[in-house]
Amino acid sequence: MQLCRAGTLALFEDIDRTTFSQQPHPEFSPVGWHLGHIGYAEALWLLEHCAKSQLPPLTKDGKIIPYRHLLAADGLLKGERVNLPTLAEICAYLDTVRKEVFDYLERAPLDEEERLWRFIIQHESQHSEIIYFLLQLQRRSSLNPQFSETQLITDNGQLTETIAIPAGEFEMGNDTIDALDNERPCHRVYLDTYQIDRYPVTCGQYRLFMEAGGYQNRQWWTPAGWEWLQANQFTQPLYWIEDSAWDDRPVCGVSWYEADAFARFVGKRLPTEAEWEKAASWDAAANRRRTYPWGEEKPNAHLCNHDCIKQKQQGNSAIQNPTTPVTAYPAGQSAYGLYDTLGNVWEWTSSWFDGYEGFEYYPYRGYSQVYFDRQHRVLKGGSWATRPWALRCSFRNWYHPGVRQILAGFRCAIGRG
(Lines give C-alpha, C1' and ligand atoms only; values in the text may rest on other atoms or scores of the structure.)
Protein backbone atom coordinates (compact mmCIF):
# COMPACT_ATOMS: atom_id res chain seq x y z
CA MET A 1 0.00 0.00 0.00
CA GLN A 2 2.88 2.33 0.77
CA LEU A 3 4.56 1.69 -2.59
CA CYS A 4 1.29 2.34 -4.38
CA ARG A 5 0.69 5.59 -2.46
CA ALA A 6 4.23 6.87 -3.07
CA GLY A 7 3.71 6.43 -6.80
CA THR A 8 0.38 8.24 -6.67
CA LEU A 9 1.78 11.22 -4.78
CA ALA A 10 4.77 11.44 -7.14
CA LEU A 11 2.34 12.51 -9.87
CA PHE A 12 1.48 15.67 -7.94
CA GLU A 13 4.99 17.03 -7.53
CA ASP A 14 5.14 20.68 -8.63
CA ILE A 15 1.49 20.69 -9.70
CA ASP A 16 -0.22 24.09 -9.80
CA ARG A 17 -3.67 24.90 -8.45
CA THR A 18 -5.29 25.21 -11.88
CA THR A 19 -4.05 21.83 -13.06
CA PHE A 20 -5.07 20.29 -9.75
CA SER A 21 -8.68 21.48 -9.82
CA GLN A 22 -9.77 22.08 -13.42
CA GLN A 23 -11.77 19.55 -15.43
CA PRO A 24 -9.66 18.69 -18.51
CA HIS A 25 -12.26 16.51 -20.24
CA PRO A 26 -16.07 16.38 -19.89
CA GLU A 27 -16.02 12.65 -19.15
CA PHE A 28 -13.44 12.86 -16.36
CA SER A 29 -13.13 14.59 -13.00
CA PRO A 30 -10.24 16.91 -12.03
CA VAL A 31 -7.04 15.13 -10.95
CA GLY A 32 -7.46 16.57 -7.46
CA TRP A 33 -10.84 14.89 -7.15
CA HIS A 34 -9.32 11.53 -8.08
CA LEU A 35 -6.70 11.98 -5.36
CA GLY A 36 -9.34 12.79 -2.76
CA HIS A 37 -11.56 9.95 -3.95
CA ILE A 38 -8.69 7.48 -3.38
CA GLY A 39 -8.67 8.45 0.30
CA TYR A 40 -12.44 8.49 0.52
CA ALA A 41 -12.79 4.95 -0.90
CA GLU A 42 -10.11 3.63 1.45
CA ALA A 43 -11.86 5.17 4.44
CA LEU A 44 -15.32 4.08 3.33
CA TRP A 45 -14.51 0.41 2.85
CA LEU A 46 -11.74 -0.27 5.35
CA LEU A 47 -12.79 2.05 8.17
CA GLU A 48 -16.55 2.52 7.95
CA HIS A 49 -17.54 -0.89 6.56
CA CYS A 50 -14.87 -3.06 8.19
CA ALA A 51 -13.65 -1.26 11.30
CA LYS A 52 -17.12 0.23 11.94
CA SER A 53 -15.54 3.63 12.67
CA GLN A 54 -16.43 7.08 11.43
CA LEU A 55 -14.70 8.51 8.39
CA PRO A 56 -12.10 11.15 9.29
CA PRO A 57 -13.03 14.76 8.46
CA LEU A 58 -11.97 16.51 5.27
CA THR A 59 -11.32 20.22 5.66
CA LYS A 60 -11.11 23.18 3.32
CA ASP A 61 -9.73 26.49 4.56
CA GLY A 62 -9.97 25.12 8.10
CA LYS A 63 -13.65 24.20 7.78
CA ILE A 64 -15.06 20.68 7.66
CA ILE A 65 -16.71 19.94 4.31
CA PRO A 66 -19.19 17.20 3.31
CA TYR A 67 -16.72 14.72 1.84
CA ARG A 68 -19.41 12.22 0.83
CA HIS A 69 -21.03 14.79 -1.42
CA LEU A 70 -17.70 15.95 -2.86
CA LEU A 71 -15.69 12.74 -3.18
CA ALA A 72 -18.18 9.90 -3.59
CA ALA A 73 -18.46 8.51 -7.12
CA ASP A 74 -22.24 9.02 -7.00
CA GLY A 75 -22.03 12.52 -5.49
CA LEU A 76 -21.49 15.64 -7.57
CA LEU A 77 -21.57 15.59 -11.35
CA LYS A 78 -18.06 15.48 -12.82
CA GLY A 79 -18.25 19.06 -14.03
CA GLU A 80 -19.12 20.24 -10.51
CA ARG A 81 -16.08 18.67 -8.84
CA VAL A 82 -13.77 21.64 -9.37
CA ASN A 83 -14.29 23.43 -6.05
CA LEU A 84 -11.71 21.34 -4.23
CA PRO A 85 -9.62 21.70 -1.10
CA THR A 86 -5.94 22.40 -1.74
CA LEU A 87 -3.41 19.66 -2.47
CA ALA A 88 -2.04 20.05 1.07
CA GLU A 89 -5.51 19.67 2.58
CA ILE A 90 -6.31 16.57 0.57
CA CYS A 91 -2.89 15.06 1.35
CA ALA A 92 -3.53 15.69 5.04
CA TYR A 93 -6.86 13.87 4.65
CA LEU A 94 -5.13 10.92 2.96
CA ASP A 95 -2.54 10.79 5.76
CA THR A 96 -5.25 10.79 8.42
CA VAL A 97 -7.12 8.00 6.67
CA ARG A 98 -3.97 5.94 6.19
CA LYS A 99 -2.97 6.24 9.86
CA GLU A 100 -6.37 4.98 10.98
CA VAL A 101 -6.29 2.22 8.35
CA PHE A 102 -2.90 0.99 9.58
CA ASP A 103 -4.14 1.12 13.17
CA TYR A 104 -7.05 -1.09 12.10
CA LEU A 105 -4.74 -3.40 10.14
CA GLU A 106 -3.17 -4.56 13.42
CA ARG A 107 -6.47 -6.18 14.44
CA ALA A 108 -8.18 -6.74 11.06
CA PRO A 109 -9.30 -10.31 10.20
CA LEU A 110 -7.36 -10.49 6.95
CA ASP A 111 -8.50 -14.03 6.19
CA GLU A 112 -12.00 -12.55 5.81
CA GLU A 113 -11.10 -9.17 4.32
CA GLU A 114 -8.11 -9.90 2.05
CA ARG A 115 -10.09 -9.47 -1.16
CA LEU A 116 -11.25 -6.02 -0.08
CA TRP A 117 -7.73 -4.88 0.87
CA ARG A 118 -6.46 -6.03 -2.52
CA PHE A 119 -9.35 -4.21 -4.19
CA ILE A 120 -8.34 -0.96 -2.46
CA ILE A 121 -4.78 -1.20 -3.81
CA GLN A 122 -6.05 -1.86 -7.33
CA HIS A 123 -8.62 0.92 -7.00
CA GLU A 124 -5.85 3.39 -6.23
CA SER A 125 -3.74 1.99 -9.07
CA GLN A 126 -6.56 2.57 -11.54
CA HIS A 127 -7.13 6.14 -10.38
CA SER A 128 -3.37 6.80 -10.53
CA GLU A 129 -3.44 5.79 -14.18
CA ILE A 130 -6.40 8.08 -14.84
CA ILE A 131 -4.54 10.91 -13.10
CA TYR A 132 -1.51 10.27 -15.31
CA PHE A 133 -3.66 10.28 -18.45
CA LEU A 134 -5.41 13.53 -17.45
CA LEU A 135 -2.13 15.27 -16.65
CA GLN A 136 -0.84 14.35 -20.11
CA LEU A 137 -4.09 15.63 -21.61
CA GLN A 138 -3.53 18.97 -19.91
CA ARG A 139 0.11 19.12 -20.95
CA ARG A 140 -0.22 17.85 -24.53
CA SER A 141 0.40 21.24 -26.10
CA SER A 142 3.92 21.21 -24.68
CA LEU A 143 4.66 17.56 -25.33
CA ASN A 144 8.38 17.24 -25.88
CA PRO A 145 9.46 13.72 -24.95
CA GLN A 146 13.15 12.92 -24.65
CA PHE A 147 14.07 9.32 -25.25
CA SER A 148 17.28 7.47 -25.94
CA GLU A 149 17.96 6.40 -29.52
CA THR A 150 16.65 2.97 -30.47
CA GLN A 151 17.25 0.84 -33.54
CA LEU A 152 14.44 1.28 -36.05
CA ILE A 153 12.74 -1.68 -37.67
CA THR A 154 12.97 -1.34 -41.42
CA ASP A 155 11.15 -4.55 -42.34
CA ASN A 156 7.61 -3.24 -42.24
CA GLY A 157 6.31 -6.68 -43.18
CA GLN A 158 7.55 -8.01 -39.86
CA LEU A 159 5.23 -5.67 -38.00
CA THR A 160 2.16 -6.71 -40.00
CA GLU A 161 2.62 -10.42 -39.27
CA THR A 162 -0.49 -12.26 -38.10
CA ILE A 163 -0.69 -15.42 -36.01
CA ALA A 164 -3.30 -18.12 -36.52
CA ILE A 165 -5.08 -19.13 -33.32
CA PRO A 166 -6.61 -22.61 -33.69
CA ALA A 167 -10.25 -23.28 -32.95
CA GLY A 168 -11.09 -24.63 -29.54
CA GLU A 169 -12.02 -23.80 -25.98
CA PHE A 170 -10.00 -21.72 -23.56
CA GLU A 171 -10.45 -20.43 -20.04
CA MET A 172 -11.46 -16.77 -19.83
CA GLY A 173 -11.65 -14.57 -16.76
CA ASN A 174 -10.14 -14.95 -13.31
CA ASP A 175 -11.28 -16.25 -9.92
CA THR A 176 -8.18 -15.49 -7.86
CA ILE A 177 -8.21 -13.25 -4.79
CA ASP A 178 -6.90 -10.34 -6.90
CA ALA A 179 -9.64 -10.56 -9.53
CA LEU A 180 -12.10 -7.67 -9.68
CA ASP A 181 -15.81 -8.35 -9.97
CA ASN A 182 -15.95 -7.86 -13.76
CA GLU A 183 -13.21 -10.50 -14.28
CA ARG A 184 -15.32 -13.15 -12.55
CA PRO A 185 -16.32 -15.89 -12.90
CA CYS A 186 -13.69 -17.83 -14.81
CA HIS A 187 -15.45 -19.70 -17.63
CA ARG A 188 -14.81 -21.73 -20.77
CA VAL A 189 -15.28 -20.11 -24.19
CA TYR A 190 -15.14 -21.75 -27.62
CA LEU A 191 -13.70 -19.75 -30.53
CA ASP A 192 -13.38 -20.64 -34.19
CA THR A 193 -10.00 -20.26 -35.86
CA TYR A 194 -8.92 -16.65 -36.34
CA GLN A 195 -5.77 -14.63 -36.93
CA ILE A 196 -4.46 -11.79 -34.83
CA ASP A 197 -1.57 -9.38 -35.27
CA ARG A 198 1.65 -10.35 -33.53
CA TYR A 199 2.25 -6.67 -32.65
CA PRO A 200 0.11 -3.63 -31.87
CA VAL A 201 -0.41 -1.25 -34.80
CA THR A 202 2.57 1.10 -35.01
CA CYS A 203 2.83 4.78 -35.78
CA GLY A 204 4.48 3.91 -39.09
CA GLN A 205 1.56 1.75 -40.12
CA TYR A 206 -0.98 4.31 -38.97
CA ARG A 207 0.76 7.01 -41.00
CA LEU A 208 -0.13 5.07 -44.16
CA PHE A 209 -3.80 5.34 -43.22
CA MET A 210 -3.45 9.09 -42.73
CA GLU A 211 -1.52 9.62 -45.97
CA ALA A 212 -4.12 7.62 -47.91
CA GLY A 213 -6.85 10.02 -46.78
CA GLY A 214 -8.25 7.72 -44.11
CA TYR A 215 -9.73 10.64 -42.18
CA GLN A 216 -11.41 11.99 -45.30
CA ASN A 217 -12.84 8.75 -46.73
CA ARG A 218 -16.21 7.74 -45.34
CA GLN A 219 -15.96 4.15 -46.55
CA TRP A 220 -13.67 3.13 -43.66
CA TRP A 221 -15.90 4.46 -40.90
CA THR A 222 -19.03 3.12 -39.25
CA PRO A 223 -22.00 5.52 -39.39
CA ALA A 224 -21.47 6.41 -35.73
CA GLY A 225 -17.75 6.81 -36.32
CA TRP A 226 -18.23 9.09 -39.32
CA GLU A 227 -20.72 11.21 -37.39
CA TRP A 228 -18.17 11.50 -34.54
CA LEU A 229 -15.43 12.43 -36.99
CA GLN A 230 -17.49 15.11 -38.71
CA ALA A 231 -18.42 16.62 -35.37
CA ASN A 232 -14.77 16.85 -34.32
CA GLN A 233 -12.84 17.23 -37.60
CA PHE A 234 -9.83 15.21 -36.44
CA THR A 235 -7.07 14.45 -38.95
CA GLN A 236 -4.61 12.54 -36.74
CA PRO A 237 -4.34 10.89 -33.30
CA LEU A 238 -4.45 13.19 -30.32
CA TYR A 239 -0.76 12.85 -29.46
CA TRP A 240 0.60 12.39 -32.97
CA ILE A 241 4.30 13.17 -33.43
CA GLU A 242 5.44 13.57 -37.04
CA ASP A 243 8.77 11.82 -36.67
CA SER A 244 9.85 8.57 -38.35
CA ALA A 245 11.83 7.71 -35.21
CA TRP A 246 8.47 6.74 -33.72
CA ASP A 247 7.53 4.37 -36.53
CA ASP A 248 8.24 1.21 -34.52
CA ARG A 249 6.27 2.34 -31.47
CA PRO A 250 2.56 1.64 -30.99
CA VAL A 251 0.21 4.35 -32.12
CA CYS A 252 -1.72 5.85 -29.20
CA GLY A 253 -4.21 8.61 -28.59
CA VAL A 254 -6.81 6.99 -30.85
CA SER A 255 -10.49 6.45 -30.17
CA TRP A 256 -12.27 3.18 -30.84
CA TYR A 257 -13.73 4.77 -33.96
CA GLU A 258 -10.25 5.52 -35.33
CA ALA A 259 -8.97 2.05 -34.47
CA ASP A 260 -11.96 0.44 -36.17
CA ALA A 261 -11.54 2.63 -39.28
CA PHE A 262 -7.87 1.70 -39.61
CA ALA A 263 -8.72 -2.00 -39.27
CA ARG A 264 -11.25 -1.70 -42.09
CA PHE A 265 -8.70 0.20 -44.18
CA VAL A 266 -6.24 -2.72 -44.04
CA GLY A 267 -8.93 -5.36 -44.57
CA LYS A 268 -9.02 -6.51 -40.97
CA ARG A 269 -11.11 -5.84 -37.86
CA LEU A 270 -10.63 -5.31 -34.16
CA PRO A 271 -10.44 -8.54 -32.13
CA THR A 272 -13.17 -9.45 -29.72
CA GLU A 273 -12.23 -9.40 -26.06
CA ALA A 274 -12.29 -13.21 -26.00
CA GLU A 275 -10.00 -13.42 -29.03
CA TRP A 276 -7.56 -11.00 -27.47
CA GLU A 277 -7.53 -12.83 -24.13
CA LYS A 278 -7.08 -16.28 -25.67
CA ALA A 279 -4.14 -15.11 -27.79
CA ALA A 280 -2.57 -13.37 -24.80
CA SER A 281 -3.15 -15.86 -22.00
CA TRP A 282 -3.90 -19.39 -23.22
CA ASP A 283 -1.19 -22.04 -23.14
CA ALA A 284 -2.59 -24.73 -25.46
CA ALA A 285 0.27 -27.16 -24.81
CA ALA A 286 -0.37 -27.11 -21.07
CA ASN A 287 -4.15 -26.66 -21.50
CA ARG A 288 -4.17 -23.87 -18.95
CA ARG A 289 -4.62 -20.15 -18.55
CA ARG A 290 -1.61 -17.96 -17.77
CA THR A 291 -1.96 -14.97 -15.47
CA TYR A 292 0.52 -13.09 -17.67
CA PRO A 293 1.41 -13.80 -21.30
CA TRP A 294 4.81 -15.21 -20.32
CA GLY A 295 3.58 -17.27 -17.37
CA GLU A 296 3.31 -16.61 -13.64
CA GLU A 297 6.38 -14.45 -12.99
CA LYS A 298 5.37 -11.00 -11.75
CA PRO A 299 5.75 -8.13 -14.27
CA ASN A 300 9.20 -6.58 -14.33
CA ALA A 301 11.29 -4.30 -16.54
CA HIS A 302 12.51 -7.23 -18.67
CA LEU A 303 9.05 -8.53 -19.55
CA CYS A 304 6.91 -5.50 -20.40
CA ASN A 305 6.78 -1.70 -20.43
CA HIS A 306 4.72 -0.64 -17.41
CA ASP A 307 4.65 1.45 -14.23
CA CYS A 308 6.15 4.66 -15.59
CA ILE A 309 4.82 6.29 -12.41
CA LYS A 310 7.58 4.42 -10.59
CA GLN A 311 10.10 5.78 -13.10
CA LYS A 312 8.87 9.32 -12.38
CA GLN A 313 9.14 8.64 -8.67
CA GLN A 314 12.76 7.60 -9.22
CA GLY A 315 13.59 10.96 -10.77
CA ASN A 316 12.83 10.74 -14.50
CA SER A 317 10.80 13.94 -14.70
CA ALA A 318 11.08 14.01 -18.53
CA ILE A 319 8.64 11.11 -18.90
CA GLN A 320 5.65 12.15 -21.00
CA ASN A 321 4.85 9.33 -23.44
CA PRO A 322 7.34 6.52 -22.81
CA THR A 323 6.25 3.96 -25.36
CA THR A 324 8.83 1.41 -26.44
CA PRO A 325 9.30 -0.37 -29.80
CA VAL A 326 6.75 -3.14 -30.20
CA THR A 327 9.53 -5.73 -30.54
CA ALA A 328 11.35 -4.62 -27.38
CA TYR A 329 10.19 -7.43 -25.06
CA PRO A 330 10.68 -10.88 -26.64
CA ALA A 331 10.75 -12.45 -23.16
CA GLY A 332 7.20 -11.17 -22.63
CA GLN A 333 5.65 -13.05 -25.55
CA SER A 334 2.49 -15.08 -25.08
CA ALA A 335 2.44 -18.82 -25.72
CA TYR A 336 1.12 -18.09 -29.23
CA GLY A 337 3.93 -15.59 -29.86
CA LEU A 338 2.17 -12.21 -29.43
CA TYR A 339 4.28 -9.25 -28.33
CA ASP A 340 3.26 -6.35 -26.11
CA THR A 341 -0.04 -7.79 -24.92
CA LEU A 342 0.70 -6.40 -21.45
CA GLY A 343 2.01 -2.88 -21.05
CA ASN A 344 2.96 -0.20 -23.60
CA VAL A 345 -0.62 0.68 -24.66
CA TRP A 346 -4.13 -0.44 -23.77
CA GLU A 347 -5.75 -2.15 -26.77
CA TRP A 348 -9.27 -1.51 -28.00
CA THR A 349 -11.42 -4.57 -28.70
CA SER A 350 -14.71 -4.84 -30.58
CA SER A 351 -16.58 -6.04 -27.48
CA TRP A 352 -19.02 -4.05 -25.38
CA PHE A 353 -18.24 -4.05 -21.67
CA ASP A 354 -20.66 -6.39 -19.90
CA GLY A 355 -20.77 -8.87 -17.04
CA TYR A 356 -19.96 -12.52 -17.54
CA GLU A 357 -22.70 -15.07 -16.85
CA GLY A 358 -22.88 -15.44 -13.09
CA PHE A 359 -21.52 -11.94 -12.43
CA GLU A 360 -21.82 -10.68 -8.84
CA TYR A 361 -20.89 -7.09 -8.06
CA TYR A 362 -18.16 -6.31 -5.51
CA PRO A 363 -17.85 -4.31 -3.40
CA TYR A 364 -20.63 -2.13 -4.83
CA ARG A 365 -22.80 -1.98 -7.97
CA GLY A 366 -21.25 1.26 -9.14
CA TYR A 367 -17.76 -0.18 -9.63
CA SER A 368 -18.60 -2.19 -12.79
CA GLN A 369 -22.29 -2.92 -13.19
CA VAL A 370 -23.35 0.65 -13.89
CA TYR A 371 -21.18 0.56 -17.03
CA PHE A 372 -22.89 -2.51 -18.50
CA ASP A 373 -24.83 -0.14 -20.75
CA ARG A 374 -23.55 -0.99 -24.26
CA GLN A 375 -21.96 2.43 -24.33
CA HIS A 376 -18.43 1.33 -23.35
CA ARG A 377 -15.94 -0.76 -25.33
CA VAL A 378 -13.48 -3.09 -23.61
CA LEU A 379 -9.74 -2.38 -23.66
CA LYS A 380 -7.21 -5.00 -22.65
CA GLY A 381 -3.57 -5.29 -21.69
CA GLY A 382 -2.56 -2.26 -19.65
CA SER A 383 -0.16 0.51 -20.63
CA TRP A 384 3.20 2.04 -19.76
CA ALA A 385 1.42 3.79 -16.86
CA THR A 386 -0.34 0.72 -15.45
CA ARG A 387 0.72 -0.24 -11.93
CA PRO A 388 1.74 -3.90 -11.45
CA TRP A 389 -1.27 -4.59 -9.20
CA ALA A 390 -3.63 -3.96 -12.13
CA LEU A 391 -1.67 -5.80 -14.81
CA ARG A 392 -2.85 -9.26 -15.94
CA CYS A 393 -4.44 -10.79 -19.03
CA SER A 394 -7.91 -11.02 -17.49
CA PHE A 395 -8.01 -7.36 -16.41
CA ARG A 396 -10.71 -5.31 -18.17
CA ASN A 397 -10.76 -1.59 -18.87
CA TRP A 398 -13.62 0.28 -20.52
CA TYR A 399 -14.22 3.61 -22.27
CA HIS A 400 -16.75 5.28 -24.52
CA PRO A 401 -15.73 4.65 -28.15
CA GLY A 402 -15.18 8.36 -28.75
CA VAL A 403 -12.62 8.82 -25.96
CA ARG A 404 -9.12 9.59 -27.25
CA GLN A 405 -6.43 9.12 -24.66
CA ILE A 406 -2.68 8.77 -24.68
CA LEU A 407 -2.70 5.30 -23.16
CA ALA A 408 -4.88 3.62 -25.81
CA GLY A 409 -3.84 1.83 -29.00
CA PHE A 410 -4.89 -1.42 -30.69
CA ARG A 411 -4.02 -4.45 -32.79
CA CYS A 412 -6.06 -6.08 -35.53
CA ALA A 413 -7.55 -9.48 -36.26
CA ILE A 414 -8.82 -11.46 -39.26
CA GLY A 415 -11.70 -13.93 -39.31
CA ARG A 416 -15.42 -14.01 -38.80
CA GLY A 417 -15.30 -12.53 -35.26
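Helices (DSSP runs of H or I, at least four residues) and strands (runs of E, at least two) are numbered from the N terminus, and on this basis the chain holds 13 helices and 13 strands. The structure is a predicted model, in which local features need pLDDT of at least 70 and side-chain atom pairs count only at pLDDT 80 or more, whereas totals for chains, interfaces and linings use all residues. Residues are numbered from 1 along each chain as its sequence is written, and side-chain values use heavy atoms, with hydrogens and water left out.

The overall dimensions of the chain were considered next. The radius of gyration, taken over C-alpha atoms, is 21 Å, close to the 22 Å that the globule rule gives for 417 residues, so the chain is as compact as a globular protein of that length; the rule itself is 2.2 Å times the number of residues to the power 0.38. Along the principal axes, the C-alpha atoms fill a box of roughly 60 × 45 × 40 Å. Of the 417 residues, 58% count as buried, where buried means under 20% relative accessible area, exposed means over 50%, and partly exposed lies in between (1.4 Å probe, protein chains only). The chain exposes about 17500 Å², of which carbon and sulfur atoms supply 48%; accessible areas come from the Shrake-Rupley method with a 1.4 Å probe, and for residues only the protein chains shown count as cover. With contact defined as heavy atoms within 4.5 Å, residues 24 or more positions apart account for 79% of the contacts in the chain with a separation of 6 or more.

Towards the N terminus of the numbering, helix α1 (residues 2–10) packs with helix α5 (residues 87–105) at an angle of about 180°, their axes being 13 Å apart. Axes here are lines fitted to C-alpha atoms, for helices over the stretch in contact, and angles run from 0 to 180 degrees between N-to-C directions. Angles under 35 degrees count as roughly parallel, over 145 as roughly antiparallel, 65 to 115 as roughly perpendicular and the rest as oblique; α1 and α5 are therefore roughly antiparallel to each other. Q2, R5 and L9 of α1 make the contact with C91, L94, R98 and F102 of α5. These residues divide into four nonpolar, one polar and two charged, given that Ala, Val, Leu, Ile, Met, Phe, Trp, Tyr, Cys and Pro count as nonpolar, Asp, Glu, Lys and Arg as charged, and the others, Gly among them, as polar.

Several buried positions were examined individually. T8 also lies in helix α1 and, at 0% relative accessibility, counts as buried; its C-alpha atom is separated by 11 Å from that of G39, 31 residues apart along the chain. I131, in helix α6 (residues 110–139), is likewise buried, with a relative accessible area of 0%. Residues up to four places away in sequence not being counted, I131 touches L11, F12, V31, H34, L35 and I38. Between I131 and Q22, which are 109 residues apart in sequence, the C-alpha to C-alpha distance is 12 Å. Burial extends to a whole helix in α11 (residues 273–281), where nine of the nine residues are buried, so that this helix is largely enclosed by the rest of the structure; among them are the residues E273, E275, W276, E277 and K278.

A buried position is also found outside the helices and strands. N344 is placed in the loop between α12 (308–313) and β9 (346–352), and its relative accessible area of 0% makes it buried. Leaving aside neighbours within four places in sequence, N344 is in contact with P250, N305, T323, T324, P325, G382, S383 and W384.

The backbone was then inspected for unusual geometry. Most residues other than glycine have a negative phi, and most peptide bonds are trans. A cis peptide bond nevertheless joins R184 and P185, with omega about -10°, and P185 is in the loop between β4 (168–172) and β5 (187–191). The peptide bond from Y362 to P363 is also cis, with omega near -10°, and P363 lies in the loop between β9 and α13 (365–368). Positive phi values occur at K52, near 60°, and at R374, near 55°. K52, in the loop between α3 (31–51) and β1 (58–60), is exposed, with a relative accessible area of 67%, while R374, in the loop between α13 and β10 (377–380), counts as exposed at 53% relative accessibility.
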